[in-house]
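Colleague: Please take a close look at one part of this model for me. Pick a single element and tell me what surrounds it.

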Amino acid sequence: MLLIFHFSAQEAVDSGKMSGSLTGCIAERVNMLFHLEWNRESIEIFAEQLEYPVRKMAHMTEYAILAWIFLGNCMQYPYFRKNCWFLAWIGTSAYAATDEFHQLFVKGRSGEIKDVMIDSLGALIGLLFAWAVIYIVKKRQKDHGLFHKK
């Protein structure tokens, strides 16, 4: 949560520079990998087109990881175990909302409901992935006689 807060506290110019340098590297690697022989302007245009999806995927990934942390913490307490998946998603989504509110006070940034929805979707996808992994592991343990329910 502190890491997300730190990134959200960056002014728009600084945040844009960080994601711009990442998408610039990606564009250059795509150019080299596929032997496209783009000129500098073409690489920069492609990098600009990548910036929005890369930023949103980064947000979704951050919030998927945060949802896993909420889930792991919630699973430790028997009282919450029945609702831990829902509580992890709600907790993560609530933090996404507070993070967008925080951005209202950062120079050049804005708080967007759309971003809360994207972050909440990232949390949901992360939780679905965690559920699938747990399901597969338990099924394999059961199939191989390694899982003993108490």
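Modeller: Here is a walk along one helix, then a look at its surroundings.

This is a predicted model: local features need pLDDT of at least 70, side-chain atom pairs need 80 or more, and totals for chains, interfaces and linings use all residues. Residues count from 1 along each chain as its sequence is written, and side-chain values use heavy atoms, without hydrogens or water.

Start with helix 6, residues 113–143 (helices are DSSP runs of H or I, at least four residues). Its 31 residues should span 45 Å at 1.5 Å a residue, and its end C-alpha atoms are 45 Å apart, so the two agree (expected span: 1.5 Å times one less than the number of residues). Just after helix 6 comes Gly145, with a positive phi of about 70°.

Now look at what helix 6 hides. Its buried residues are Asp115, Val116, Ile118, Asp119, Ser120, Gly122, Ala123, Gly126, Leu127 and Ala130 (buried: under 20% relative accessible area; exposed: over 50%; partly exposed: in between; 1.4 Å probe, protein chains only). The cover over these residues includes helix 3 and helix 5.

Some of them join the largest nonpolar core (buried Ala, Val, Leu, Ile, Met, Phe, Trp, Tyr and Cys joined through side-chain atoms within 4.5 Å). That core has eight residues: Ala67, Leu71, Cys74, Cys84, Ala88, Ala123, Leu127 and Ala130. Helix 3 (40–75), helix 5 (84–103) and helix 6 each supply at least two of them. A separate core of six residues includes Tyr63, Leu66, Tyr95 and Val116.

Zoom in on Leu127. Setting aside neighbours within four places in sequence, Leu127 is in contact with Ala67, Trp68, Leu71, Trp85, Ala88 and Trp89 (contact: heavy atoms within 4.5 Å).

Next, Gly122, also in helix 6. At 3% relative accessibility, Gly122 counts as buried. Beyond residues up to four places away, Gly122 touches Met60, Tyr63 and Ala64. Asn31 is another matter: Gly122 and Asn31 are 91 residues apart in sequence and 29 Å apart in space, C-alpha to C-alpha.

Turn to the partner, helix 5. The axes of helix 5 and helix 6 come within 9 Å and cross at roughly 155° (lines fitted to C-alpha atoms over the stretch in contact; angles from 0 to 180 degrees between N-to-C directions). The two helices are therefore roughly antiparallel (over 145 degrees; under 35 is roughly parallel, 65 to 115 roughly perpendicular, the rest oblique). Helix 5 brings Trp85, Ala88, Trp89, Thr92, Ser93, Ala96, Ala97 and Glu100 to the contact. Helix 6 brings Asp115, Val116, Asp119, Ser120, Ala123, Leu124, Leu127, Ala130, Trp131 and Ile134.

Helix 5 also holds His102. At 17% relative accessibility, His102 counts as buried. Leaving out neighbours within four places, His102 is in contact with Phe5, Ser8 and Ala9.

Last, helix 3, which has a second partner. The axes of helix 2 (residues 12–33) and helix 3 come within 7 Å and cross at roughly 120°. They are therefore oblique to each other. On the helix 3 side, the meeting residues are Arg40, Ile43, Phe46, Ala47, Leu50, Glu51, Val54 and Arg55. Those of helix 2 include Ser15, Gly16, Ser19 and Gly20. Gly16 counts as partly exposed, at 24% relative accessibility. Not counting residues up to four places away, Gly16 touches Glu51 and Arg55. Gly16 and Glu51 are 35 residues apart in sequence, but 8.7 Å apart in space, C-alpha to C-alpha.
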